[in-house]
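Student: Hello! I am new to this structure and would like a close look at a single part of it. Could you walk me through one helix and then show me how that part sits in the whole?

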Amino acid sequence: MNRPQRIVIVGAAGRLGRSLERRFSNEARVTGLTRADLDLRSADSIRSALEGLDFDRLILPAAMTAVDPCETDPETAFAINGEAPGVIAGICAAKNAHMTHVSTDFVFDGRKQGAYDEQDAAHPISVYGASKLEGEMKVLEADPGHLVVRVSWLYGPGKPAFPEWIVGKAVADDSISLPEDKTGSPTSSEDVADWLARLILDAARPPASGIYHLCNSGSCTWREWGQACLDLAREAGIALRAKTIAANTLADIPAFLAPRPANSVMSNAKLAAFTGIQPRSWQEALREHFERSGCLDSFRTEACG
Ligand SMILES: NC(=O)c1ccc[n+]([C@@H]2O[C@H](COP(=O)([O-])OP(=O)(O)OC[C@H]3O[C@@H](n4cnc5c(N)ncnc54)[C@H](OP(=O)(O)O)[C@@H]3O)[C@@H](O)[C@H]2O)c1
């Protein structure tokens, strides 16, 4: 089996796309495509960007990721998250190239007690979740040798996410609240890139196919995640006005148009069995993000200035 030579990343400017481009550039020739190169709303645009390229692996992290706008514009959500992955999967199959489609914990309804594994039936409760599930199905229909990886509560260097947002809130406000009735697994985009390299670049065996859950180990409520971020920021010397986060519920946030799954913790046992890597805990990965990514730099400038 040959080592893959050429990898295309569709969505290279996104949070996960940046981690993937950095990580995979060590291994192969990477072509990172962004919205400037193709519009996922248009099959013609996708075809003209991809059909002329020569590659043996393609990864699709690009998506309409904002959950509430999906609720108000389902047509665009299904075009980008449902149709486009199927078009790309067909192009990859015709080229005999392996595709990885990045999906989400929001395909689950959140009613299960305990962690979801890959055998659990998906039952989305939002337009975002339903559109992502449609994308999953179209990708695997086009070629069962393709791979779907579901990630959850993603953050990473280069593009702010929840950790940077909650620290910004605590710098500015005296009191903040977050839901205690929503549980998940915060996950580092840098770790996802490492795990995916093990899933699809191993020269000794064919790339993984089917569905895999990729998340750091352990789980917490949304409030606990926020509190962990504030504790790390304080430890790093950031002056916070709010030092603790009060508990509220999802129902207390009127801006949330889309229903969110109350529990979207996923099991990473299948990933661990395939790769031999036991994903590190969410706390360890989050600490490294705070210590190494420079995510607190803008708050330091504000504090000093
Ligand atoms: N973030 C999370 O917590 C989370 C949780 C579970 C699953 N996921 C999944 O993980 C994947 C990566 O998430 P992420 O946080 O890295 O997302 P992200 O930072 O929002 O990146 C998504 C990328 O998709 C691009 N895109 C959107 N619409 C497009 C279009 N019509 N044509 C071309 N490109 C388009 C965006 O381009 P622009 O930069 O130009 O806007 C952006 O670069 C997604 O598939 C998401 O569904 C994310």
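Student: Which residues of helix α10 (residues 282–292) are buried?

Tutor: Happy to help! Please keep in mind that this is a predicted model. In helix α10, which covers residues 282–292, the buried residues are Trp282, Ala285, Leu286, His289 and Phe290. Look down the axis of α10 and you will find these buried residues within an arc of 135°, so they line one face of the helix. A general point helps here: an α-helix has 3.6 residues a turn, so residues three or four places apart point the same way.

What does that face meet? The buried residues of α10 pack against β6, α6, β9 (187–188), α7 (189–200), β11 (220–221) and α8 (222–235). Just past the helix comes Gly294, with a positive phi near 80°.

Let us follow two of those partners, beginning with α6. Helix α6 spans residues 162–172, and Pro163, Glu164, Ile166, Val167 and Ala170 are buried in it. These residues cover an arc of only 165° around the axis, which puts them on the same side of α6.

The other partner to follow is β6 (154–155), because the loop between β5 (147–151) and β6 holds Trp153. Trp153 has a positive phi of about 40° although it is not a glycine. In general, most residues other than glycine have a negative phi. Trp153 counts as buried because 23 C-beta neighbours lie inside 10 Å of it, where 20 or more are needed.

You can compare Trp153 with Asn96, which also is not a glycine and has a positive phi, near 60°. Asn96 belongs to the loop between α4 (74–94) and β4. Asn96 counts as exposed, because it has 9 C-beta neighbours inside 10 Å and the limit for exposed is 12 or fewer.

Now to the cores. The largest nonpolar core has 64 residues, and Ile9, Leu58 and Ile88 touch the most other members. Leaving out residues up to four places away in sequence, Ile88 touches Val10, Ile46, Leu50, Leu58, Leu60 and Met99. There is also a second, separate core of 22 residues, and Phe290 is in it, along with Leu178, Cys220 and Cys229 among others. Phe290 should look familiar, as it is one of the buried residues of α10.

His289, another buried residue of α10, gives us a way to judge distance across the model. Asp143 and His289 are 146 residues apart in sequence, and their C-alpha atoms are 36 Å apart in space. Asp143 is found in the loop between α5 (127–142) and β5. With 18 C-beta neighbours inside 10 Å, Asp143 counts as partly exposed. Its contacts, not counting residues up to four places away in sequence, are Ala89, Cys92 and Ala93.

Asp56 offers another pair to look at. The C-alpha atoms of Asp56 and Gln5 are separated by 6.8 Å, with their positions 51 residues apart along the chain. Asp56 sits in the loop between α2 (43–50) and β3 (57–60). Asp56 has 19 C-beta neighbours inside 10 Å and so counts as partly exposed. Apart from residues up to four places away in sequence, Asp56 touches Pro4, Gln5, Arg6, Ala97 and His98.

Elsewhere in the model, have a look around the ligand. It is surrounded by 26 residues, of which Gly14, Arg15, Ala62, Ala63 and Thr104 come nearest. Two elements, α1 (15–24) and β4 (98–104), give two or more residues to this shell. The largest share, 3 residues, comes from α1. By type, the shell divides into 13 nonpolar, 6 polar and 7 charged residues.

Finally, step back to the whole chain. Its secondary structure comes to 11 helices and 12 strands. The radius of gyration is 19 Å, close to the 19 Å that the globule rule gives for 305 residues, so the chain is as compact as a globular protein of that length. Along the principal axes, the C-alpha atoms fill a box of roughly 55 × 40 × 35 Å. Of the 305 residues, 48% count as buried. Among contacts between residues at least 6 apart in sequence, 80% join residues at least 24 apart.

How values were computed:
Residues are numbered from 1 along each chain as its sequence is written. This is a predicted model: local features need pLDDT of at least 70, side-chain atom pairs count only at pLDDT 80 or more; totals for chains, interfaces and linings use all residues. Helices (H or I, at least four residues) and strands (E, at least two) are DSSP runs, numbered from the N terminus. The radius of gyration is taken over C-alpha atoms; the globule rule is 2.2 Å times the number of residues to the power 0.38. Two residues are in contact if their C-beta atoms, placed from the backbone, lie within 7 Å. A residue is near a molecule or strand if its C-beta atom, placed from the backbone, lies within 6 Å of it. Ala, Val, Leu, Ile, Met, Phe, Trp, Tyr, Cys and Pro count as nonpolar, Asp, Glu, Lys and Arg as charged, and the others, Gly among them, as polar. The arc is that of the directions from the helix axis to the C-beta atoms. A nonpolar core is a set of buried Ala, Val, Leu, Ile, Met, Phe, Trp, Tyr and Cys residues joined through C-beta atoms within 7 Å.
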